[in-house]
Amino acid sequence: MGASGRGSSIGAISLSFLIIFAAAGVMLRGEDWPEWRGKGRLGVWNETGILEKFPESGLTATWRTPVNAGYAGPAVAGGRVFVTDSRRVKANQAIERALALDERTGQVLWTREWPTNYSGLQLVYAIGPRATPTVDGDRVYVLGAMGNLLALDVSTGRVLWQKDYVKDFNTSIPSWGITGAPLVDGDRLICLVGGEPDAKVMALDKRTGEEIWRSLSSDTEPGYNQPIIFDVGGVRQLIIFHPTGFSSLDPATGKVFWEIEHRSQMGIVVATPVRSGPYLFFTSQYGGARMLRLDDGKLGASLLWSGPGEQDRGMTHDTPNTLNSVISTPVISDGYVYGIDNDGQLRCLDAATGKLMWKTDALLKEHAMYGTAFFVRNGERFFINNDRGELVMATLSPKGFNEIGRTKLVEPTHPYVRRRQLPNVLWSHPAYANRHIVIRNDEEIVRFSLASGS
Amino acid sequence: MLAGPAKAGHYLPQGVGARTIVVLSDLHMGAGRDRSGKWYPYEDFRWSPEFAAFLAAVDRQGGSAVDLILNGDTFELLQSTESNCAGAAAGLGCDEVEALARLERVLRAHEADVKALGQFARAGSNRVVFVPGDHDAALLVPGIGRRVERALAAPAGRVEVTASGDWSSADDQVYAEHGHQIGPSAHRFENWPSPFVRRGGREQLARPWGEAVIQELFNRYEPRYPVIDNVVASGIGVKYALAADSADVGDLAAPLVRYLLFTMSWQQFRMELDDGDVQPPTWDVAQVRAQGPPFLVSSLPDDDRLKPLAAKALADGRLAQSMEELGDDEIVAVCDYRAAMRRARRRFEPVVTQFQPRGPVVAECPRTPESRGAVFDYFWRSRDVVFARHLETIARRRSGRARPSVFVHGHTHLPDRSQTGANMISGGLLKIPMEGFSPVHGALTPIVINDGAWQRTITPVQLDRLASDRGVPEKELLASLQPEDLAPCYSFVQIESTGGVPVPAVRYWRQSAAGDWAIAAACGR
């Protein structure tokens, strides 16, 4: 009895521990943000225990740490925040830098610098790195605006290996710099290089930097997109959106599975492709919108519908269209596409037909060329960072845009050539990790809690 | 016998008050029609009714207080259906007697046009000024210039042929010259405005090397392909003729490659790519020179109609001398052109050049190590250097006078267009739309502006589109097209004064789809 009772007691204690541990696990289960748009590049943030509305007094910063300029959003992994920045030293010469910060305190743990030269970049936008760092276990891969790729030890910042796209791969840097954040796939680091010959996309050995494969001609510029892998019917496809069109590659070999030609002027293809079920959506300012249908049964895709772009005859940025996003990556949710058009309007399209369901200026609160916002899904809600430095919580449905709350996080500081209500913009994608948002501008990186009760 | 220019500085009392200045060039009035009434194939000016209507409209709009500047190549005195001038064999042009004979023929053939000009000159306080160009440099012979002045039968002081080879407004704010003397032009005369040489006791017109190369080819091919010299920029049409006939031009190949490469490069490469204050790279000229003659061929994209001819000239060993003769500035100009063409084609720029924005790319020239990096954005460097130097030369020549704020030229037949994105100041934060351009990067003055040609013209892009629309091979299209088939649209520069500041703009005398003629801001083609 006693034993039994003890046993019961021990069992009860164990159970209690398990329950507490499990509950704590639920409560404390954190989620990192190791790369562009979070794990898998999907713009999905799965954490629970997130606040339902913003405090009237705004969010409280956990910490603020000064940084230099750059568009690169932060990545968060293993208790560290990684970000890159740049400072001008003389004329077009600059020092680019990777930083690791303590996620909890914002203390700088290490920095790693490299010199670069922004000659030839459009100088208004030549403020710093563009690509979000990519974290893979004990390595972080950082990429400068001029194609300096470094593999760094996450603990120390030690350089494990490095490549210079220009010198090593004969890349012609496009006007707005190198932007494609490296993508880890198994042992491979897949990079949008724009090298020659035939090295628009390359897979490097993630441990050594040695070339594994190269693919796609560089007769056209590489564009400004992000490589992404989707599993379609059990086949993993590396999707590259580039100025010549859409290419599906075998991530293991670089072999082309299928391609659809779709030429976009000026090389401006920025918005990351998004997929939902059979839908695979691409959008750009000049090329317009293309919705492809993926076929699980065979390796290929077909055009489902298209919307005109600015390059099409008779089109201007004021002509009615479907969704021509310049920078902003749209989302597909429950059969509808939501995104920011190049005039700054938030739009909803029927994913099956491209029909415009509604459009509104309510998100940016101004009708503005190149208006931009970043969408992250959390459950039924979306957290949307607009280029005014605001965080907007909303639900999106075919009925409309329902704003739950809005709060200002940081000042927009990126210079911009067109007239807006505010003199500057904020085009850096934030990270959502461990119930916090980490966001940067050209002066500071800041962490705010988004946990319930914050 | 030629006596060289006289009366230098013989200026009319030009451009004061609220006068309008209208500058047009490259009319190329030639031999007219043959005895059967058909146009000679060399005749490019077949537009008497619309020219008269244009003059009437300009007169009306300017309140009969217009300075009409005919900015060179008004008369076609180089190309002739008659036999060559005696000095041609020695690489020279006509003497005074020969040139006057050609002029008389042209004046007879264009009696209606001369009459319209005379009528314009007699109205109100209008004035007509003839600035000599490379095709009518003979106007610098005093006797020939006076013959033109007399032909218009206007009161004294209303018509002038400038002996200085250029024209300035009275306040020196506006300066015009034909344009063949700008930079390393293949049409440049050594001693302008005294383009004469004395051989065997005779004064004869000199003949620039580019002229010698290109005129012979136009003479050969224009009867078969009448619009080849309507293709802009001027000179490019030869490529189309050579490609159509798969011609072997023998020893002409080498100078032709050099000529056309420069035609396409610094002066006539029209783009709107200057959208940012960027620092251009430094081309490694020594490395380029080390490439030798293949550099010339590799500067042409594979779809360039000149490429097969250039490749053959290379294989035949004919390009070595051309390469050796290239100056550093010329190499830089070609390298700039390669970079511009490469960028335009690698990212499907919209129609930023007169050439197809899609097609094979060329490699960049090698850069010096310190300037490796991003692609090259500022493509106008070579052009700016050329014009800045030329403006300096003008300033030195006119020592003591105000520097012009507007410089109008023609010669290339390719007008400048409004470049809304081309002039960025304040570090690129503010774009100022302007017509023409300033060779001082990011500045608004001085303005350089190309008046194009008072001609019907067609760009290579338009030619390709036409062949595609009609579904005919290019050779067939070229053989079938007459100048009358081209768009009825003629460019000129109009300069109004705003608060004492001259404001130039390229304008077009254009026929609408409904058949009406009017001055417009674009051709609408």
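Trainee: Why is B:C85 called buried?

Mentor: Buried means under 20% relative accessible area, exposed means over 50%, and partly exposed lies in between, using a 1.4 Å probe and protein chains only. B:C85 has a relative accessible area of 9%, so it counts as buried. Keep in mind that this is a predicted model, where local features need pLDDT of at least 70, side-chain atom pairs count only at pLDDT 80 or more, and totals for chains, interfaces and linings use all residues. Residues are numbered from 1 along each chain as its sequence is written, chains are lettered from A and ligands numbered from 1 in the order in which they are written, and side-chain values use heavy atoms, with hydrogens and water left out.

Trainee: What makes B:C85 and B:C94 a disulfide?

Mentor: A disulfide is a pair of cysteine sulfur atoms within 2.5 Å. For B:C85 and B:C94 the S to S distance is 1.9 Å, so the pair meets that cut-off. The link of B:C85 and B:C94 is right-handed, with 60° about the S-S bond. B:C94 is buried too, because its relative accessibility is 6%.

Trainee: How do you know that B:C335 and B:C365 form a disulfide?

Mentor: Their sulfur atoms are 2.1 Å apart, so the pair fits the definition. This pair links distant parts of the chain: B:C335 sits in helix α12 (residues 328–346) of chain B, and B:C365 in the loop between α12 and α13 (381–397) of chain B, 30 residues apart. Helices here are DSSP runs of H or I with at least four residues, strands are runs of E with at least two, and both are numbered from the N terminus.

Trainee: Why is the disulfide of B:C335 and B:C365 called left-handed?

Mentor: The torsion about its S-S bond is about -90°, so the disulfide is left-handed. B:C335 counts as buried because its relative accessibility is 0%, and B:C365 counts as buried because its value is 2%.

Trainee: What makes B:C489 and B:C523 a disulfide?

Mentor: Their sulfur atoms lie 1.8 Å apart, so they satisfy the cut-off. B:C489 is in strand β13 (residues 489–498) of chain B and B:C523 in the segment after β15 (517–520) of chain B, so the pair links distant parts of the chain, 34 residues apart. The link of B:C489 and B:C523 is left-handed, with -100° about the S-S bond.

Trainee: How many disulfides does a search of the whole structure find?

Mentor: The search finds three over all chains.

Trainee: Why does A:C348 count as buried?

Mentor: A:C348 has 0% relative accessibility, so it counts as buried.
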